[in-house]
Amino acid sequence: MFTERTSVGLDVHARSVAAAAIDGVTGELFQARLTPSHEHIQSWLAGLPGPVAVTYEAGPTGFGLARALDAAGVRCVVAAPSKLQRPAGDRVKTDARDAVHLARLLRLDEVTAVTVPTATVEAARDLVRAREDCRGDLMRARHRLSKLLLRQGIVYSGGQAWTGAHDAWLRRQRLDAPATRIAFESGYDAVLTVQARRDRLDAAITVMAADSEFTPVVRRLGCLRGVSTLTAFALAVEIGDWHRFTGNTIGSFVGLVPSEHSSGASRMQGSVTKTGNGHVRRLLIEAAWHHRARYVPGKTMRDRWELASPAARVRGDEGNRRLHHRWVVFSERRKRHTVANVAIARELAGWCWSLAVMDD
């Protein structure tokens, strides 16, 4: 419930901040154009009738402002942009109007807040997102190189691509045209460079996963098939506070629940919503494919179990058996594999939640 006297809306950009404040006693509206400096914003807030509460939309400017205001004793709510209510007939959008709109929504308690991560969690997220960007860069670099060779009629047929044998085959290629040869060498060098960058990030994540505040959660999540150290660490830092959710609501957070449009007696469900954290959704969908094969715990799984508590090992084993059984049921019903995998990923999210909130 909103209890402060003044509600403040900030429309924050990289080089400017539009501010609007509404005094709940007099109804007076204060507006200003500020710089992104935290000190400048705090000094303007100090001149308003107190106490004050502030809100701004989550975005590329990060959470530094929210942490600074909280440290100064000012309640700050970081709003989820996708959840903000906007009048359908409002066709004029300016920074000043957005700030006033945020101030009004805050006073009405109509702002859906996002969780503000600590500086440590945000730094860990930067690391896993850098690795995610590197994965995409490597995929694109490999595609460009393979398509360059394809245009020359050169196709690798010695097994799986991008292995040691494939790398040796690439080094043996001799292209006749000098320009094409230079393009090939440039593309091959790009693949090696990005691959080395990925390996460095993998090593950094492995070190941090082994000795940090995320280590207990990482080890418990590793009891599930398809959830390696890299995947478990990414899930731990992207979700952050797992206690915000339940086994049912976490699927909605990552956009793995069906969309729905129901009215009256009609009920229509569509494809999954794909809202929320896309990185977590991709990791869960990739991990879900691992549960399709027959479940026989191997050395890798048993080694990960050794790092977790007995209760986590039992829960992980139950989850692995359950998720494989679901795959069997979907296969018997001749469900499309892609559709079945999304359903498995949704249930996998629930099992991850149950392990993450478990006490060691």
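These are my notebook entries on a pocket, a nonpolar core and a strand pair in a predicted model.

Setup. I number residues from 1 along each chain as its sequence is written, and side-chain values use heavy atoms, with hydrogens and water left out. As the model is predicted, local features need pLDDT of at least 70 and side-chain atom pairs count only at pLDDT 80 or more, while totals for chains, interfaces and linings use all residues.

Pocket. I looked up the largest pocket (on a 1 Å grid over the protein atoms alone, an open set of points where a 1.4 Å probe fits, with protein on both sides within 12 Å along at least five of seven lines), and it holds about 1200 Å³ of space. Its lining (residues with an atom within 4 Å of a point) counts 41 residues, of which Val114, Thr115, Arg125, Arg244 and Phe253 are closest to the centre. Helix α4 (DSSP runs of H or I, at least four residues) gives the most to this lining, five residues.

Core. I then took the largest nonpolar core (buried Ala, Val, Leu, Ile, Met, Phe, Trp, Tyr and Cys residues joined through side-chain atoms within 4.5 Å), where buried means under 20% relative accessible area with a 1.4 Å probe, protein chains only. It has 66 residues, and Trp242 and Cys352 are among those that touch the most other members. Helix α13 (residues 337-356) supplies the largest share, 11 residues.

Strands. I found β6 (residues 258-263) and β7 (residues 266-272) paired in the antiparallel sense over five bridges, where pairing takes at least two DSSP bridges and a strand is a DSSP run of E, at least two residues. Pro258 has Val272 in β7 as its bridge partner.

Notes:
Grid points are joined across faces, edges and corners, and a volume is the space filled by probe spheres set on the points. Buried means under 20% relative accessible area, exposed over 50%, partly exposed in between (1.4 Å probe, protein chains only).
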